[in-house]
Number of protein chains: 2
Amino acid sequence: MNNKKIKLADLAKLAGVSTSTVSRALNNNPLIKQETRDKLQQLAKKHNFSLNTAASRLRTQKTNVVAVIINLDEQTEQSIGDPFLLKVVSEINLALNQQGLELLLSNSIMAQGDWANYFINGRRADGIIVVGQGKNQTNIEAAADAGIPLVVWGDPKTQSNYPIVGSDNYLGGLQASTHLIEHGAKNILFLGDPEHGEISERHRGYAAALATHKLEQHVISIDITSRSAYQAINQLLREKGLYFDAIMACSDMVALGAMKALKERYVSIPNDVALVGFDDIAMADISHPSLSTIKQNTQFAATLLVKKLIQQFSGEKVESQVIDIELITRQSSKR
Amino acid sequence: MNNKKIKLADLAKLAGVSTSTVSRALNNNPLIKQETRDKLQQLAKKHNFSLNTAASRLRTQKTNVVAVIINLDEQTEQSIGDPFLLKVVSEINLALNQQGLELLLSNSIMAQGDWANYFINGRRADGIIVVGQGKNQTNIEAAADAGIPLVVWGDPKTQSNYPIVGSDNYLGGLQASTHLIEHGAKNILFLGDPEHGEISERHRGYAAALATHKLEQHVISIDITSRSAYQAINQLLREKGLYFDAIMACSDMVALGAMKALKERYVSIPNDVALVGFDDIAMADISHPSLSTIKQNTQFAATLLVKKLIQQFSGEKVESQVIDIELITRQSSKR
DNA sequence: ATAAACATTGCAAACGTTTGCATTTATCTC
DNA sequence: GAGATAAATGCAAACGTTTGCAATGTTTAT
């Protein structure tokens, strides 16, 4: 085993050519004769050669790395372990890899405040994908103002100076609520945090559906975790009884937390209370009863995020884009 | 807004000193007078200066980056979206950040085969954390043979030439199975893939518990996903009826898939069939009935993985380490 | 006052690529 | 076969840090 790290110059010496030739050959530069290219590429493979990316990045000013920032509010408990967010991240990872880009994973802890300088001027990455708008967009706005390649997973209808890719949260909220109403619901709880970026749009959809049918809103503002949903529903049933017949939850995790509380008190789902979630995480299909939900097409979203980021690398201006959602009706809402 | 990227030399000119002085000052080198250090650090902050990491890495041969490889078999469906694995990754992310290290996320797609060369010689990272042993350890062994800093999340009792941190899977399997037996189970299914690294140990524990109580093994070998668990239990009930009274599942996701199949056929949990999972993901607590399980202390594991990796940076040899597991008894197994 | 020790800063080389330009070698034209 | 064009390769500078060593300024000991 050759424990000495091999570099371009070593290959060059072995092949009896200059380092420039090796460099160009490995980059498949047509300046180099095909025959020479093949020979050098094989030589490189044979010696398990791997470019020193530090040197390469210094010279080219390109990293081929994208920073992905999971953007969570400090206040809320919605943890970095949230299954939906992590699913989005892993889809992004796949989409980046397919473009030959690598993924530097960050959270708000590491990148304090000035993302543009830290990531871009610090040559850690060529661009940034922010996952989640959170309640506070100042960090994102500052980065966008600095003119760096940036794209955000969030609510695309938000007014912004940066491109946002995300589901049609308004339509999702509208469809979910309308679906419940069509199945006879009269008193529908909205369970979530209407202050939060994406979720406020879902709430708007909910409100619109209820207005159309002249129903009254019941907004229960909670942290967007299954635990607080569980606690909230428990408390509600204890203090005010079963005064509602449906719940539109702002996420599947929230819905599942609510479901547990209902089942524990023998409230029948969907007969006594119908339930719709949002996201379509794996558990929605596995829960019992299975959970109706608004499916977010994360895979498509991920490829789109990456595509829009790459477009910015070449100076293009890109716009926000809305992704279709889909109502998945399962057992929890059918009656 | 200053759109020109600022570098060390610019700061030096501004302050009327040499670049060496600035470099040392920003690294808090005691060679530089405290007063000068303070002044330069403030100047850097004022100009939002961020070191060009490419140059720095080239010069120092250090990246302060750790590659995290999610190690999945191509054959299995256990997806990169697996909630438990992602939870581990996010814990590792936190632990790394606390040490000032960054996390480069990779999967087996990007890093084809030769990890040592790709990541270490390619100066992408200083070390590697592999999440999951998978069925095939040749990649890991090759990297370990190359003598690079490496640590693996897996089953620590596996014979290996690299350090492994992980739960006591054997004991977990033993405790889970014993727990079921103590609650009266006579025919316990093992649901999982006994070929798979960590899971084979869980199976060994299961086998030992059954042997002690002179019970017969029933191993159902499946892909470790909730979907195949669901299908397997469905098929079993259809073809052979309810010939078992308990299930030890190799993971919570598998347990939840099984739970759904049972509930759909009105098999009572835990009365007809008691159920224990493994991992303690968030859903275990939220499912109904809540799922008894073996809790893996991922947070502690993550800090330990990082600690052992850092020790290798300074040349220390480190050993594998077993992490305590804990039986969490919830509704699914109490009767 | 002088030499020696110390504290502080600057000089310049090095890290390993990439690339504009110069140079060599091969091919073509008449 | 000579001159001109095209193809292939090499030279050397540059990317922005860090760091061994030299150089300067300051203090201490004699």
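The surface near DNA strand C comprises nine nonpolar, twelve polar and five charged residues. The model is predicted. In it, 26 residues surround strand C. The closest are Leu8(A), Ser20(A), Ala55(A), Ser20(B) and Thr21(B). Both protein chains thus appear in this list, with elements of each lining the strand. From chain A, α1 (8-15), α2 and α4 each give two or more residues to the surface near DNA strand C. From chain B, α2 and α4 do so. The largest share comes from α4(A), with five residues.

DNA strand D was examined next. Around it lie 25 residues. Ser20(A), Thr21(A), Leu8(B), Ser20(B) and Ala55(B) come nearest. Here chain A supplies two or more residues from each of α2 (19-26) and α4 (53-60). Chain B supplies two or more from each of α1 (8-15), α2 (19-26) and α4 (53-60). The element that gives the most is α4(B), again with five residues. By class, the surface near strand D holds nine nonpolar, eleven polar and five charged residues.

The two protein chains were then compared. A turn of 180° and a shift of 0.1 Å along the axis lay chain B on chain A, with an RMSD of 0.1 Å. This is the relation of a two-fold axis. The same surface serves both copies. Of the contact residues of chain B, 100% recur in chain A.

The contact between the chains takes 48 residues from chain B and 48 residues from chain A. On the chain B side, several elements give two or more residues each. They are α4, α5 (83-98), β2 (102-107), α6 (115-121), α11 (252-264) and α12 (282-286). By class, this side has 20 nonpolar, 17 polar and eleven charged residues. Helix α4(B) therefore has two roles in the count: α4 is listed on the side of chain B that touches chain A, and α4(B) gives five residues to the surface near DNA strand D.

Strand pairing also links the chains. Strand β2 (residues 102-107) of chain A is joined to β2(B) by three bridges. The two strands run antiparallel. Within this pairing, Leu105(A) has Leu103(B) as its bridge partner. On chain B, β2 is also among the elements that give two or more residues to the side touching chain A.

Conventions:
Residues are numbered from 1 along each chain as its sequence is written. Chains are lettered from A and ligands numbered from 1 in the order in which they are written. This is a predicted model: local features need pLDDT of at least 70, side-chain atom pairs count only at pLDDT 80 or more; totals for chains, interfaces and linings use all residues. A residue is near a molecule or strand if its C-beta atom, placed from the backbone, lies within 6 Å of it. Helices (H or I, at least four residues) and strands (E, at least two) are DSSP runs, numbered from the N terminus. Ala, Val, Leu, Ile, Met, Phe, Trp, Tyr, Cys and Pro count as nonpolar, Asp, Glu, Lys and Arg as charged, and the others, Gly among them, as polar. Copies are superposed by least squares on the C-alpha atoms of residues with pLDDT of at least 70 in both. Two residues are in contact if their C-beta atoms, placed from the backbone, lie within 7 Å. Two strands pair if DSSP finds at least two bridges between them.
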